[in-house]
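Here is a short, friendly tour of one protein model, to be read with the structure open beside you. Take a moment to turn it around before we start.

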Amino acid sequence: MHFEIDKIERNIKKNYIFTFFSNLNLTGTIWIIFLSYKGMNLTQIGLLEGIFHLTSFFMEVPTGIIADFFGRKTSRIFGRFISIISNIIFINSNNFYFFTISMIFNALSYNLESGAGQALLYDSLINISKEEEFLKISGKIEFITQIGMLFGYLLGGYFADKSFELAYNIAIIIGIINFLYSFSFEEPKIKYNYNSKNFANFINQNKDSFKELIKDKKLFFIVLFSELLTMFCTTVFFYLQNDLYYKGFNTTKIGLIFSISGVISAFFSIYTQKIKNVLTEKGIFLIFPIIISISLISMGISKIPYIFFILISISESIIFVTYSDYINKKISSDKRATILSMCSMIFSIYMIIIFPLFGKIGDIYGLQKSFLSLGLILLIPIFINIIINIKK
């Protein structure tokens with residue numbers, strides 16, 4: 001029994017290493033530029049991202065159920081394998097249809113990890129009776145995420161200046177390493193309400209998880225609001241790459257800008273626990289969304305939009321760590337991966353609507369006008385969030 005606990009406890013440190021390699025993503029700041037290089041316009045790029053999230057919309061819950069029924073480790077392994085396939089297809093594509101296939105595979109790899117990864121970590125902590133440490137560990141994970149992204153941006157930009165193919169081939173090698181490493185995790189022990197893994201129980205898992213998510217109105221609103229914020233930040237992250245590229249920045253400089261943003265965000269994520277102690281959970285959900293909105297508006301009128309992007313990245317990191325801690329405390333282990341996948345599905349719904357629209361506005365009026373419009377639109381849900389918190 002003690003030996004099993006030791007193996008579960010090692011999941012925590014292993015997850016740090018896995019997180020680093022997962023976010024050592026050499027393609028993170030070049031894939032949109034690569035699509036432009038291959039002849040895709042902003043509207044087509046928006047559609048491709050929309051296809052990614054349309055796939056996620058339909059596959060998030062099924063993959064979450066797979067993680068709950070067949071294991072978080074199994075889901076993670078398949079996710080890493082499919083990610084490799086996606087990159088291989090992407091770098092060898094020359095038209096919209098093959099890029100679409102790559103985006104579908106990429107979405108599936110994301111789905112298989114999105115609920116399973118966090119659930120594997122939290123349930124491992126429950127197994128060793130250390131779940132109260134999740135917020136502190138989440139801060140460390142966010143720090144490692146940003147450091148991994150930092151090196152990914154720098155290396156990706158550097159290698160892409162030499163050759164897009166070189167950057168993607170190295171990314172594929174890193175993906176293979178992480179795929180092999182994912183076999184080393186120990187599956188945490190979870191008590192399920194179902195004795196068999198048949199189709200009827202798959203449906204019941206879906207229904208019961210949805211009921212658990214919506215029965216707590218505060219929880220459900222925080223999920224809706226936080227995923228909306230993540231969508232705005234993600235949209236800006238992707239399109240800022242093109243904005244900077246059109247303004248004459250090469251991929252190395254773009255990688256450097258995103259790396260600086262990552263370093264600063266990583267620093268703040270480590271101190272999320274202390275920030276929460278000062279501002280409280282409610283304060284974080286009130287103050288930092290306003291900072292994101294003001295920064296978006298500023299990006300739309302400033303000649304140095306990347307400065308305000310750094311503020312957005314800092315705010316998103318702090319909100320994400322706080323949000324992850326809050327939601328994991330509220331949901332049960334046997335439905336954790338399914339519910340977390342439902343949260344990601346909400347994010348996908350937002351992205352399906354907003355991301356292609358943002359690209360269309362960018363094609364017609366320019367990307368800075370798109371940033372400005374996003375910031376103004378975000379003021380509406382922020383106002384609703386303030387009213388709800390004041391009433392509470």
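## A polar pair at E113

Which side chain does E113 join through a polar contact of 2.7 Å? The partner is R76, and the contact runs between the side chains of the two residues. Please keep in mind throughout that this is a predicted model.

To find E113, look along helix α5, which covers residues 96-127. Is E113 buried or exposed? E113 has a relative accessibility of 17%, and because the cut-off for buried is under 20%, E113 counts as buried. Setting aside the residues within four places of E113 in sequence, its contacts are F18, R76 and R80. R76 therefore appears twice in this picture, in the list of contacts and as the partner in the polar contact.

## The overall fold

Now let us step back to the whole chain. What does its secondary structure come to? The count is 14 helices and zero strands, and the pattern read along the sequence is α-α-α-α-α-α-α-α-α-α-α-α-α-α. The radius of gyration is 20 Å, close to the 21 Å that the globule rule gives for 392 residues, so the protein is as compact as a globular protein of that length. Along the principal axes, the C-alpha atoms fill a box of roughly 60 × 50 × 40 Å.

Buried residues account for 55% of the 392 residues. If you take the contacts between residues at least 6 apart in sequence, 85% of them join residues at least 24 apart.

M342 offers a good example of parts of the chain that are distant in sequence. This residue belongs to helix α13 (residues 336-365) and counts as buried, at 4% relative accessibility. M342 and S114 are 228 residues apart along the chain, and their C-alpha atoms are separated by 9.9 Å.

## A cavity lined by helices

How many cavities of 30 Å³ or more does the structure hold? There are two, and the second largest has a volume of about 50 Å³. Its lining is made by S226, L229, T230, I292, E316, I319, F320 and Y323. Two elements, α9 (217-246) and α12 (305-330), each give two or more residues to this lining.

Which helix gives the most to that lining? The answer is α12, with four residues. Sorted by class, the lining of the second largest cavity has five nonpolar, two polar and one charged residues.

## Two residues with positive phi

Let us finish with the backbone. Most residues other than glycine have a negative phi. Two residues are worth a look against that background.

S129 is a residue other than glycine, yet its phi is positive, near 60°. You will find S129 in the loop between α5 and α6 (134-162), where S129 is exposed, with a relative accessible area of 54%.

T280 is not a glycine either, and its phi is positive at about 75°. Where does T280 sit? T280 is in helix α11, residues 272-301. With 41% relative accessibility, T280 counts as partly exposed, whereas S129 is exposed.

Terms used. Residues are numbered from 1 along each chain as its sequence is written. This is a predicted model: local features need pLDDT of at least 70, side-chain atom pairs count only at pLDDT 80 or more; totals for chains, interfaces and linings use all residues. Side-chain values use heavy atoms; hydrogens and water are left out. Buried means under 20% relative accessible area, exposed over 50%, partly exposed in between (1.4 Å probe, protein chains only). A polar contact is a pair of N or O atoms within 3.5 Å; within protein, one must be able to donate a hydrogen and the other to accept it, and residues adjacent in sequence count only if both atoms are side-chain atoms. Contact means heavy atoms within 4.5 Å. On a 1 Å grid over the protein atoms alone, a cavity is a set of points where a 1.4 Å probe fits but cannot get out, and a pocket is an open set with protein on both sides within 12 Å along at least five of seven lines; lining residues have an atom within 4 Å of a point. Grid points are joined across faces, edges and corners, and a volume is the space filled by probe spheres set on the points. Ala, Val, Leu, Ile, Met, Phe, Trp, Tyr, Cys and Pro count as nonpolar, Asp, Glu, Lys and Arg as charged, and the others, Gly among them, as polar. The radius of gyration is taken over C-alpha atoms; the globule rule is 2.2 Å times the number of residues to the power 0.38.
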